[in-house]
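Let's take a walk through a protein model together. Keep the picture open while you read, and look for each residue as it comes up.

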Amino acid sequence: MAENKGQEIQKQETQLQQGTEPTREGRLFMPPTDIRETNDSIVLTADMPGVKPDGVDVTLEKDVLTVCGAVADEHLGNHNGDGYAEYEVGNYQRSFALSDEIDRDKIDARMDNGVLTLTLPKTTPSQKRIEVKAG
Amino acid sequence: MTVKDLTQKAKELIPWNWGKRPVRVQDNRSRRDGSLPALRDDFHRLFDDMFEDFLGRRFGEGLLAPFGEPGSLLDTGWPRVDLEETDDAFKVTAEVPGMEADDVEVTVGDSSLTIRGSKTTEREEKKKDYHLMETYSGSFHRTVPLPVEVNADGVEAHCKNGQLTVTVPKTEAGRKAAKRIEVK
């Protein structure tokens, strides 16, 4: 449990599937993500500080949505490990499994101040809610 | 007395916002599936929370700070801060995803640099719509001690791509403070 605690404070590294290797040098982190559901879409926000809009790569393969963020060189060069460091700079990667209710053609991605916002619209907007009556 | 009673007792003794750190908002509901491993995780979390509440800080924190002082160096708070020193300047960088230059305030004192700011999101009100909550939000305050004299007028701060970079140049006297010792 002590290890779990450490991961919460530290940036969490992405666990790559067995047998795969990263193609870029450096550490690979798992961006902390919020997933919010609205009436007609699912909104995903991932914190990737140090990543420029053109450094983001979002791919959809079968039902797996993968988010990659390459950290900009200007931020990478600053950290040589000298001095006092609470965090390390690296690239980001995380995958999400999509359900059938997502409209795959209308996924929207936006990168702003190091936060990636993905809007995944639902195919059938506004879920029908069934009222549960007592008695 | 059971462990649970002790936990309760310890919690009652401590002011709820002791240490005044930004609270991490996390929704654990998604993990609670009622299975045995989930139960065990919950138990571990309770145990960790108890210790954290009791100490009010994590291990290694506040080594340079007065007891209970919020956000000082060696306090692994949020946002995370890196400090780098060259011959001419200090460079402080922090990860502030989602924040713009207007959200961050940097002040330089005689012997310290303070970064303040807040990240506001709409999520506080709509908590129930969240399936996963891992990011931080709220206000923060972190202070970094500066060991030598610095030129407060020459400080530059940039906020770009969610990365805050503050460059604090040393004064002539500050530069001389580091004396090279010849190794014989």
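Is K106(A) buried or exposed? What you have on screen is a predicted model, and in it K106(A) has a relative accessibility of 56%. Anything over 50% is called exposed, so K106(A) counts as exposed. Now look at D103(A), whose side chain meets that of K106(A) in a salt bridge, with 3.6 Å from N to O. D103(A) has a relative accessible area of just 16%. The cut-off for buried is under 20%, so D103(A) is buried. In other words, this salt bridge joins an exposed lysine to a buried aspartate.

Let's zoom out to the chain those two sit in. Chain A has two helices and nine strands. If you start at the N terminus and read along, the elements go α-β-β-β-β-β-α-β-β-β-β. Of the 135 residues in chain A, 39% are buried. Chain A also exposes about 8,400 Å², and 45% of that comes from carbon and sulfur atoms. How much of the contact in chain A is between residues 24 or more positions apart? If you take the contacts with a separation of 6 or more, such pairs account for 57% of them.

Next, find the sheet that brings the two chains together. Five strands form an open sheet here, in the order 8(A)-9(A)-3(A)-2(A)-5(B), and their pairing is antiparallel. The edges are strand 8 (108-112) of chain A and strand 5 (130-133) of chain B, each of which pairs on one side only. On average, neighbouring strands of this sheet are turned by 15 degrees against each other, if you ignore direction. Inside the sheet, follow strand 3 (residues 41-47) of chain A, which is joined to strand 9 (residues 115-121) of chain A by seven bridges. One pair to pick out is I42(A), whose bridge partner in strand 9 of chain A is L120(A). While you are tracing strands, remember that in a regular strand the side chains alternate between the two faces of the sheet.

Now hop over to chain B. Strand 7 (residues 156-160) and strand 8 (residues 163-169) of chain B run antiparallel and are joined by five bridges. Look for E156(B), which stands opposite T167(B) in strand 8 of chain B. These two strands of chain B form a hairpin with two residues between them. In the turn you'll find N161(B), which has a positive phi of about 55 degrees.

Stay in chain B for the last stop. The whole structure holds eleven salt bridges over all chains, and here a few residues share theirs: D88(B), E172(B) and R175(B) are linked in a network. Which parts of chain B does the pair of R175(B) and D88(B) tie together? The closest N and O atoms of R175(B) and D88(B) are 3.9 Å apart. R175(B) lies in helix 3 (residues 172-177), while D88(B) is in the loop between strand 1 (81-85) and strand 2 (89-95), so their salt bridge ties together parts that are 87 residues apart in sequence. The other link is more local: E172(B) and R175(B) both lie in helix 3 of chain B, three residues apart, or about one turn of the helix. Their closest N and O atoms are also 3.9 Å apart. As for accessibility, R175(B) at 35% is partly exposed, D88(B) at 43% is partly exposed, and E172(B) at 48% is partly exposed too.

How values were computed: Residues numbered from 1 in each chain as written. Chains lettered and ligands numbered in written order. Predicted model: local features only at pLDDT ≥ 70, side-chain atom pairs only at ≥ 80, totals over all residues. Heavy atoms only, no water. Pairing = 2+ DSSP bridges. Helix = DSSP H or I, 4+ residues; strand = E, 2+ residues; numbered from the N terminus. Axes fitted to C-alpha atoms, helices over the stretch in contact; angles between N-to-C directions. Salt bridge = Lys/Arg side-chain N within 4 Å of Asp/Glu carboxyl O. Buried < 20%, exposed > 50% of the residue type's maximum accessible area, 1.4 Å probe, protein only. Contact = heavy atoms within 4.5 Å. Areas by Shrake-Rupley, 256 points an atom, 1.4 Å probe, with all protein chains shown as cover.
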